[in-house]
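These are my notebook entries on a structure I have been reading through. I set down what I looked up, entry by entry.

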Amino acid sequence: MVTLKNLLKSLSVITFVMGCSMIFPVITGIVYDEPFLPFLLLMLSVLAVCGAILWGLRHHNANLNVREGAFVVTSIWLILGVVGALPFVFYGATPSFSDAVFETISGFTTTGASIMSDIEALPKMLLMWRSAMHWFGGMGIIVFSIAVLPMVGNGALQLIKAEGIMDEKLTPHIRDTAMALWKVYLAFTIANALLLYWAGMLPFDAINHAFSTIATGGFSTKNDSFGHYAHNDAIMWITIFFMVISGINYLAHFKLLKKDFSGYRTSEPRLYLQLFFAISLLAGLMIFLHQPQQLGFYESMKHSFFTIASIMTTTGFASIDYVDWTNAFLIFTILVMVIGGCAGSTAGGVKVIRYVVLFKALAVEIKRMVHPRGVYVMLMDNRKITSGILTAMLGFFALYFCTNAALTIYLSMRGLDLTTALSASLAMVGNVGPGLGLVGPMDNFSFMAWYDKLILSLAMVIGRLECYTFFLLLSRSFWKRF
């Protein structure tokens with residue numbers, strides 16, 4: 001049976017951490033002499049309410065079961081969306097509360113889609129809040145909560161599984177594994193910020209873009225995103241590098257610190273890097289030969305590598321308006337939207353690991369058709385792919401593409417052209433950010449109705465939870481004896 005104390009304590013822990021993250025915009029307000037009092041009062045209110053609940057339940061061990069874990073992980077996104085939207089409302093940054101919720105959920109899910117038209121006119125506090133939402137949402141605010149607060153209890157593993165961040169443990173204790181991942185995450189962020197500053201970014205912009213890059217989020221402090229820095233080759237290639245490595249499983253990065261390269265030798269990162277370089281080179285050549293802006297060979301390759309890295313890792317930065325490029329390049333963008341990064345990374349999309357399993361299953365089926373009496377075992381990195389893994393993978397594909405199909409049909413019925421509807425759907429469910437057509441890299445989602453934005457916000461959450469966790473809540477068996 002589900003207990004209210006389990007749910008209340010788990011939700012309070014995660015919301016408490018979200019409240020703590022508001023210290024970033026408060027400090028920014030103090031440094032830049034902006035009116036930070038509303039932010040400070042909101043932060044103290046969240047901490048006070050959650051702190052009181054946690055104090056009252058301090059002796060309760062939140063030992064969550066599978067259903068409780070799924071309910072908590074899905075519910076926390078609604079809480080984050082509402083509470084995190086309040087600063088935008090307090091400072092009048094959005095025309096409506098639904099816009100603020102869209103911006104907030106886009107931030108925490110690291111989607112990077114925005115309704116903001118003039119980003120540079122925002123107070124620096126709100127710019128920092130947008131980036132901080134990315135950063136805490138990237139590795140997972142739930143993983144961070146488990147890493148720094150022991151109050152979750154024995155339910156930590158269920159929360160981790162429900163959010164879909166980690167696929168294995170590096171240490172005997174899940175809290176130690178969560179802490180290890182965040183140490184690597186923090187190290188990458190600091191390195192990225194320092195290198196961007198060295199390459200010519202102002203300190204404030206370097207910190208914000210590092211938060212967004214490592215989280216593969218996509219919020220920028222500039223109206224034209226990385227088009228503002230397109231003339232600076234060092235900034236561009238530094239960002240490409242960190243986007244690409246952020247799309248690799250963080251467990252592999254952690255193993256590297258111990259001089260263990262095995263995480264990079266597995267099938268998934270190898271295919272991920274091969275696809276990235278192959279598609280980037282082909283797309284760059286295509287741009288050089290056929291694009292209308294008449295870029296030189298080097299510029300074509302630079303913008304191609306940046307764009308493919310940004311979309312494939314679902315970061316969502318833009319260095320140029322690629323909507324006017326060739327149709328073949330736009331097909332590449334749709335392709336890499338669907339591919340995504342590696343499992344256990346901050347990237348979204350389908351994830352390369354599922355394609356590895358799919359290709360191996362197809363190869364076995366072809367062999368079985370040729371030699372029906374043969375006995376075949378599917379292996380990936382010397383590990384057997386069981387029927388359960390294959391069924392779960394096929395189930396994910398069904399949920400993922402059915403969700404996209406339903407959202408595309410809805411947006412088309414709302415009057416959007418097919419290119420805009422399809423790309424917006426893939427961008428929301430895949431947590432990519434910008435799409436094509438009316439929601440291209442130099443446009444935004446502000447023109448949509450308030451209820452469209454709420455539906456798209458739900459799509460971002462479904463994609464962030466990799467479908468299963470959300471749709472579990474829609475099953476009748478889930479609610480029996482809940």
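**Entry 1: T216.** I looked up the side chain of T216 and found that it reaches the backbone oxygen of T346, at 2.7 Å. The model I am reading is a predicted one. I then placed T216 along the chain: it sits in the loop that lies between α11 (203–214) and α12 (233–246). Is T216 buried or exposed? I noted a relative accessibility of 0% for T216, so this residue counts as buried.

**Entry 2: T314.** I turned next to T314, which I located in the loop between α15 (297–312) and α16 (327–339). Which backbone atom does the side chain of T314 reach? I recorded the backbone nitrogen of G348, at 2.8 Å. The relative accessible area of T314 is 0%, and I therefore entered T314 as buried.

**Entry 3: cysteines.** I searched for disulfides, taking as the cut-off a pair of cysteine sulfur atoms within 2.5 Å. By this rule I counted zero disulfides. For C20, the nearest cysteine sulfur belongs to C50 and is 9.1 Å away, so with a cut-off of 2.5 Å C20 is in no disulfide. I also looked up accessibility: C20 has 34% and counts as partly exposed, whereas C342, with a relative accessible area of 1%, is buried.

**Entry 4: helix α20.** I examined α20, which covers residues 450–464 and has 15 residues. From its first C-alpha to its last, I noted a reach of 21 Å, close to the 21 Å expected at 1.5 Å a residue. Which residues of α20 are buried? I listed D452, K453, L456, S457, A459, M460, V461, I462, G463 and R464. I then checked what comes after the helix and found that α20 is followed by E466, whose phi is positive, near 55°.

**Entry 5: a pocket.** I closed with the second largest pocket, for which I wrote down a volume of about 350 Å³. How many residues line the second largest pocket? I entered 25 residues for the lining, and those that lie nearest the centre of the pocket are S114, I119, N223, P441 and D443. By residue class, I divided the lining of this pocket into 10 nonpolar, 11 polar and four charged residues.

Methods
Residues numbered from 1 in each chain as written. Predicted model: local features only at pLDDT ≥ 70, side-chain atom pairs only at ≥ 80, totals over all residues. Heavy atoms only, no water. Helix = DSSP H or I, 4+ residues; strand = E, 2+ residues; numbered from the N terminus. Expected span 1.5 Å × (residues − 1). Buried < 20%, exposed > 50% of the residue type's maximum accessible area, 1.4 Å probe, protein only. 1 Å grid on protein atoms, 1.4 Å probe; cavity = no way out; pocket = protein on both sides within 12 Å on 5 of 7 lines; lining within 4 Å. Points joined across faces, edges and corners; volume = space filled by probe spheres on them. Nonpolar A, V, L, I, M, F, W, Y, C, P; charged D, E, K, R; others polar. Polar contact = N/O pair within 3.5 Å; in protein donor to acceptor, adjacent residues only side chain to side chain.
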